[in-house]
Structure formats: structure tokens, C-alpha cells
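Open the model in your viewer with the sequence panel beside it. The stops below go from one selection to the next.

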Amino acid sequence: MYISITGLRLKGPLSFPRFAWHAVGSMRQAQTAPGNLRAEARRIDGVHHTLTVWTDRAAMLAYLRSGAHLRAMKAFRAIATGAVLGYEADAAPDWSEIPTIWRERGRTV
């Protein structure tokens, strides 16, 4: 499986409507994307996290480079700061582990 974790901090409260618009569209796209096994989001300590689990990296990249997610990435710099990471694993991490994994291994975008 390919695990993808993101964590975004909004630049300010006025960024929320635009963030929400892109987040909802991206989540809907992820949940129906070929190769997606799981797509969830949670806000933890003020950070908007997503966890997606894919059959493989190619499926994740196809999602990342299309549709609502591509539009969200183009708008990202005006909305938030954050970090992302992706890796191969036999099992998805538990939500209690995600903030630590994200802080220790995330790549700033």
C-alpha cells in the first residue's frame, strides 16, 4: 500500500472558506479515485490533516495530478502552509500516530 499524509495550517481565518471549498472537492475526488482504499481528514491541534491509502504510488499520483486536487494544489500557497509525505507500508498508521509522523517525516511544501 501507499500511504499519503498531509498537514496544512491556514494562513488565517479568512482562508477557511477557500480551503473548505478545495478540501471538500479533493476529498470527494479521493474517495472515488481508482486505487483509493481509504480517504479521511481530521483537524488535530489546529492542523488540517488528511490520510489517504492507495493500492500503489501510481494510483496516488494519478489522483494528485488531476481534477479538484490539482486545482487545490494551484491555490495552496494563497491559503495555507504545510507538509506532505508518502511512503510504502503494509498497514496504515493509526490517527494517534499521524501528527508525530507528519512532524518528523513531512516535506514542507
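How many aromatic pairs does the structure hold? It holds two; rings of Phe, Tyr and Trp (its six-membered ring) pair if their centres lie within 6.5 Å, with planes under 30 degrees apart counted as stacked, over 60 as edge-to-face and the rest as tilted. Before selecting anything, note that this is a predicted model, in which local features need pLDDT of at least 70, side-chain atom pairs count only at pLDDT 80 or more, and totals for chains, interfaces and linings use all residues. Residues are numbered from 1 along each chain as its sequence is written, and side-chain values use heavy atoms, with hydrogens and water left out.

**Stop 1: Phe16 and Phe19**

Select Phe16 and Phe19, which form a tilted aromatic pair, 6.3 Å centre to centre with 45° between the planes. The two are three residues apart in helix α1, so about one helical turn separates them. Helices (H or I, at least four residues) and strands (E, at least two) are DSSP runs, numbered from the N terminus. Phe16 is partly exposed, at a relative accessible area of 43%, whereas Phe19 counts as buried at 13%. Buried means under 20% relative accessible area, exposed over 50%, and partly exposed in between (1.4 Å probe, protein chains only).

**Stop 2: the sheet**

Now colour the strands. Five of them make an open sheet in the order β2-β3-β1-β4-β5, with antiparallel pairing; two strands pair if DSSP finds at least two bridges between them. The edge strands are β2 and β5 (107–108), each pairing on one side only. Helix α1 (residues 16–32) packs on this sheet and touches β1, β2 and β3, its direction making about 155° with that of β2. Axes here are lines fitted to C-alpha atoms, for helices over the stretch in contact, and angles run from 0 to 180 degrees between N-to-C directions. Add α4, which lies across β1, β2, β3, β4 and β5 and runs at about 100° to β4.

**Stop 3: strand β3 and its partners**

Select β3. Seven of its eight residues are buried, so the rest of the structure largely encloses this strand. Eight bridges join β3 to the antiparallel strand β2 (residues 36–44), and seven join β3 to β1, also antiparallel. To follow the ladder, show Arg38 with its bridge partner Val53, then Ala41 with Thr50. On the β1 pairing, Leu8 has His48 as its bridge partner in β3.

Stay on Thr50. Is this residue buried, partly exposed or exposed? At 24% relative accessibility, Thr50 counts as partly exposed. Apart from neighbours within four places in sequence, Thr50 is in contact (heavy atoms within 4.5 Å) with Ser4, Ile5, Thr6, Met27, Glu40, Ala41 and Trp95. Draw a distance from Thr50 to Ser96: they are 46 residues apart in sequence and 13 Å apart in space, C-alpha to C-alpha.

**Stop 4: the hairpin turn**

Move to the end of the β2 and β3 hairpin, where two residues lie between the strands. Ile44 stands opposite Val47 in β3. Asp45, in the loop between β2 and β3, has a positive phi of about 50° although it is not a glycine. Most residues other than glycine have a negative phi. Asp45 counts as exposed, at 72% relative accessibility.

**Stop 5: the cores**

A nonpolar core is a set of buried Ala, Val, Leu, Ile, Met, Phe, Trp, Tyr and Cys residues joined through side-chain atoms within 4.5 Å. Select Ile3, Ile5, Leu51, Leu85, Tyr87 and Trp102: of the 13 residues in the largest core, these touch the most other members. At least two residues of this core come from each of β1 (2–10), β3 (47–54), β4 (80–88) and α4 (98–105). A second, separate core has ten residues, including Ala33, Ala39, Ala59 and Leu61.

Finish on Tyr87. Beyond four places in sequence, the contacts of Tyr87 are Met1, Tyr2, Ile3, Ile5, Pro93, Ile101 and Arg105. Which residue lies over the face of the Tyr87 ring? Arg105 does, at 4.3 Å from the ring centre; a charge sits over a ring if NZ of Lys or CZ of Arg is within 6 Å of the ring centre and within 35 degrees of the ring normal.
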